[in-house]
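User: Please take a close look at a single buried position in this model and at the elements that surround it. I would like one connected account.

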Amino acid sequence: MTSIMNYLLNCGLFLLPITAWNLIFAGKLPRLYSPEVFERAVPPFILSGENFFRFIVFSLTFFMPLRIETQIQKIGFWLYAAGTIIYFTAWLLQIYFPQSGWSLSAFGFLAPAYTPLLWLIGIGLVGSTLYFASPYRSWMYIVLSIIFVGFHFSHTAIVYLKNS
């Protein structure tokens, strides 16, 4: 039973609050974030890259043991926590103040696209190893996360520029 628990306690658990948040609140975001607008007229290269790297980055978390023992892992946990709060706040500002200067600005509109980098870097710092022997290092996950966020940011920027 202990060995099963070791595998269940993985960094994929960090995705649970993010996924729940997205499922609960995505429908409350302004119209420009709706699937019919958000997916329209974005080059296939951007969509494919975003989806490919999202799959890699999110899947990899399930192979990363959740241990918060080292100083770097503790920093990673706090970066994840702070990044998640900032990410949620970016969404709430869009939901409750869609016509504010912040929400209509590029910086505000793009916030839900760039703030995930904080919690993803946090996950990368916590997930310093994999369950199996490999040359994996945290920086590899962080680089993949940066690429994913780059595609996600580009996607959101295209939507913003076409609709502002």
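Analyst: In this predicted model, Leu15 has a relative accessible area of 5% and is therefore buried, the limit for that class being under 20%. Leu15 belongs to helix H2, which spans residues 15-25. Setting aside residues up to four places away in sequence, Leu15 touches Phe58, Thr61, Phe62, Trp119 and Ile123. Two of these partners, Trp119 and Ile123, are among the buried residues of H9. In contrast to these contacts, the C-alpha atoms of Leu15 and Thr70 are 21 Å apart in space, with their positions 55 residues apart in sequence.

The helix that holds Leu15 also pairs with helix H5 (residues 71-96): the axes of H2 and H5 come within 11 Å and cross at roughly 5°. Angles under 35 degrees count as roughly parallel, and H2 and H5 are therefore described in that way. On the H2 side, the residues that meet H5 are Pro17, Ile18, Trp21, Asn22 and Phe25. Their counterparts in H5 are Tyr80, Thr84, Tyr87, Phe88, Trp91, Leu92 and Ile95.

Within H5 lies Gly83, which is buried because its relative accessible area is 1%. Beyond residues up to four places away in sequence, Gly83 touches Thr115, Leu118 and Trp119. Trp119 thus recurs, as it is also touched by Leu15. Gly83 and Gln99 are 16 residues apart in sequence, and their C-alpha atoms are 24 Å apart in space.

The partners just named lead to helix H9, residues 116-126, which is mostly covered, with eight of its 11 residues buried. The buried residues are Pro116, Trp119, Leu120, Gly122, Ile123, Gly124, Leu125 and Val126. They pack against H2, H4, H5, helix H8 (111-114) and H10.

Val126, in helix H9, is buried because its relative accessible area is 0%. Apart from neighbours within four places in sequence, Val126 is in contact with Cys11, Phe14, Pro65, Leu66, Arg67, Ile68, Gln73, Gly76 and Phe77. The C-alpha atoms of Val126 and Leu79 are separated by 9.7 Å, although the two residues are 47 apart along the chain.

Another residue that touches this helix is Ser145, found in helix H10 (residues 138-163). Ser145 is buried because its relative accessibility is 0%. Leaving out neighbours within four places in sequence, Ser145 is in contact with Val57, Leu117 and Leu120. Of these, Leu120 is one of the buried residues of H9.

Helix H4 (residues 44-60) contains both Glu50 and Arg54, four residues apart, or about one turn of the helix. An α-helix has 3.6 residues a turn, so residues three or four places apart point the same way. Glu50 forms a salt bridge with Arg54, the closest N and O atoms being 3.2 Å apart. A search of the whole structure finds one salt bridge. The two ends of this pair fall into separate accessibility classes: Glu50 is buried because its relative accessibility is 3%, whereas Arg54 is partly exposed because its relative accessible area is 26%.

Ahead of H4, the loop that joins it to helix H3 (35-38) holds Ala41. The phi angle of Ala41 is near 60°, a positive value in a residue other than glycine. Ala41 has a relative accessible area of 46% and is therefore partly exposed.

The account ends with a region on the surface. Ile4, Met5, Leu8, Leu9, Leu13 and Leu16 make a nonpolar surface patch of about 530 Å². Leu16, a member of this patch, follows the buried Leu15 in sequence. Helix H1 (residues 2-8) gives the most to the patch, with three residues. Ile4 has its place in H1 and is partly exposed because its relative accessibility is 48%.

Notes:
Residues are numbered from 1 along each chain as its sequence is written. This is a predicted model: local features need pLDDT of at least 70, side-chain atom pairs count only at pLDDT 80 or more; totals for chains, interfaces and linings use all residues. Side-chain values use heavy atoms; hydrogens and water are left out. A salt bridge is a side-chain nitrogen of Lys or Arg within 4 Å of a carboxyl oxygen of Asp or Glu. Helices (H or I, at least four residues) and strands (E, at least two) are DSSP runs, numbered from the N terminus. Buried means under 20% relative accessible area, exposed over 50%, partly exposed in between (1.4 Å probe, protein chains only). Contact means heavy atoms within 4.5 Å. Patches are made of residues with over 30% relative accessible area and no salt bridge: like charges are joined within 9 Å, nonpolar side chains (Val, Leu, Ile, Met, Phe, Trp, Tyr) within 5 Å. Accessible areas come from the Shrake-Rupley method with a 1.4 Å probe; for residues, only the protein chains shown count as cover. Axes are lines fitted to C-alpha atoms, for helices over the stretch in contact, and angles run from 0 to 180 degrees between N-to-C directions. Angles under 35 degrees count as roughly parallel, over 145 as roughly antiparallel, 65 to 115 as roughly perpendicular and the rest as oblique.
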